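Good morning, and thank you for the opportunity to present. Please look at the structure with me as I go through it.

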Amino acid sequence: MEVRRIAPSGPRPGVIELELRELAQLFNSMDPSPFHERDLDPKAEEFIVGWANDYPHRTPLELIVHLSQTPRDPSLVAKVEPAIHGYFAELVQLTRRELRTLFSIGRASLLIGLAFLAACTAASRLLANLGDQPFYRIGAFGLEIAGWVAMWRPFEIFLYDWWPILRRRRQYRRLACMPVSVMTPENEHRARINVGSSEGSR
């Protein structure tokens with residue numbers, strides 16, 4: 001399996017070309033679902049998403065699948081585009097649930113962290129009021145540090161963890177609506193003939 005990118009000329013969309021021996025390589029052979037409902041092969045998904053990430057996020061994408069063997073059932077070719085769109089649309093829903101779950105964990109972590117911080121702050125002040133000895137000062141300072149350390153997890157979620165998931169969701173949305181073409185040996189041959197004829201008539 002090979003993916004190669006065509007350098008865009010003018011307003012041409014970001015083209016991802018996937019070269020396969022047969023159509024079955026595009027989908028997960030272990031998935032028992034009907035052909036048009038199968039998951040993509042992990043390597044195919046990795047290549048498609050990886051090349052899509054190389055294009056600016058506003059660049060329209062296009063996937064061209066080149067087959068070296070003509071499918072035994074030609075009707076399967078027409079099912080490739082809706083199958084790919086459906087797969088990435090499902091990933092959009094999965095990332096939406098992932099983001100919702102992350103924010104739910106973040107809210108719970110924030111409540112726990114605030115409660116622990118309040119308890120540590122109260123204990124720190126109580127300890128500081130017991131005396132001015134180094135032991136009390138160190139203990140009070142340590143409790144304040146422990147309280148703020150407990151706040152790191154909600155800070156991490158709300159400041160850093162959510163945006164990579166959002167970025168993946170936006171990318172999956174692009175892939176869920178990109179045009180998909182399947183080139184078999186027959187239609188590629190016809191395309192070359194048409195190109196040659198048009199050039200010869202100039």
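Leaving aside its neighbours within four places in sequence, Arg169 is in contact (heavy atoms within 4.5 Å) with Val92, Thr95, Arg96 and Leu99. Arg169 itself is found in helix α4; helices here are DSSP runs of H or I with at least four residues, strands are runs of E with at least two, and both are numbered from the N terminus. I should say at once that this is a predicted model, in which local features need pLDDT of at least 70 and side-chain atom pairs count only at pLDDT 80 or more, while totals for chains, interfaces and linings use all residues. Residues are numbered from 1 along each chain as its sequence is written, and side-chain values use heavy atoms, with hydrogens and water left out.

Is Arg169 buried or exposed? Arg169 is buried, where buried means under 20% relative accessible area, exposed means over 50%, and partly exposed lies in between, using a 1.4 Å probe and protein chains only. Yet Arg169 has no salt bridge, that is, no side-chain nitrogen of Lys or Arg within 4 Å of a carboxyl oxygen of Asp or Glu. The nearest side chain of opposite charge, Glu98, is 9.8 Å away; for charge, Lys and Arg count as positive and Asp and Glu as negative, while His and the chain ends are not counted.

Where, then, are salt bridges found? The structure holds five of them. In one, Arg153 pairs with Glu156, with the closest N and O atoms 2.8 Å apart. Both residues lie in helix α4, three residues apart, which is about one turn of the helix. Arg153 also meets Asp161 in a salt bridge, at 3.0 Å from N to O. Through shared partners, Arg153, Glu156 and Asp161 are joined into one network. Another salt bridge links Glu90 and Arg97, at 3.6 Å between the closest N and O atoms. Glu90 is partly exposed, at 41% relative accessible area, and Arg97 is partly exposed as well, at 37%. In general, side chains of opposite charge can pair when their charged atoms come close.

Let us turn to the interior. The largest nonpolar core has 29 residues; such a core is a set of buried Ala, Val, Leu, Ile, Met, Phe, Trp, Tyr and Cys residues joined through side-chain atoms within 4.5 Å. Leu26, Ile48, Leu63, Ile84, Phe88 and Leu175 touch the most other members. Helix α2 supplies the largest share of this core, seven residues. Not counting residues up to four places away in sequence, Ile84 touches Leu26, Leu40, Leu63, Met178 and Val180. Apart from this core lies another, of five residues, among them Leu99, Ile157, Ile165 and Leu166.

On the surface, Trp148, Trp152, Phe155, Leu159, Tyr160 and Trp163 form a nonpolar patch, with about 710 Å² of accessible area together. Patches consist of residues with over 30% relative accessible area and no salt bridge, with like charges joined within 9 Å and nonpolar side chains (Val, Leu, Ile, Met, Phe, Trp, Tyr) within 5 Å. Accessible areas come from the Shrake-Rupley method with a 1.4 Å probe, and for residues only the protein chains shown count as cover. Helix α4 provides the largest share of the patch, five residues.

Finally, the whole protein: five helices and four strands, in the order β-β-α-β-α-α-α-β-α along the sequence. Buried residues make up 32% of its 202 residues.
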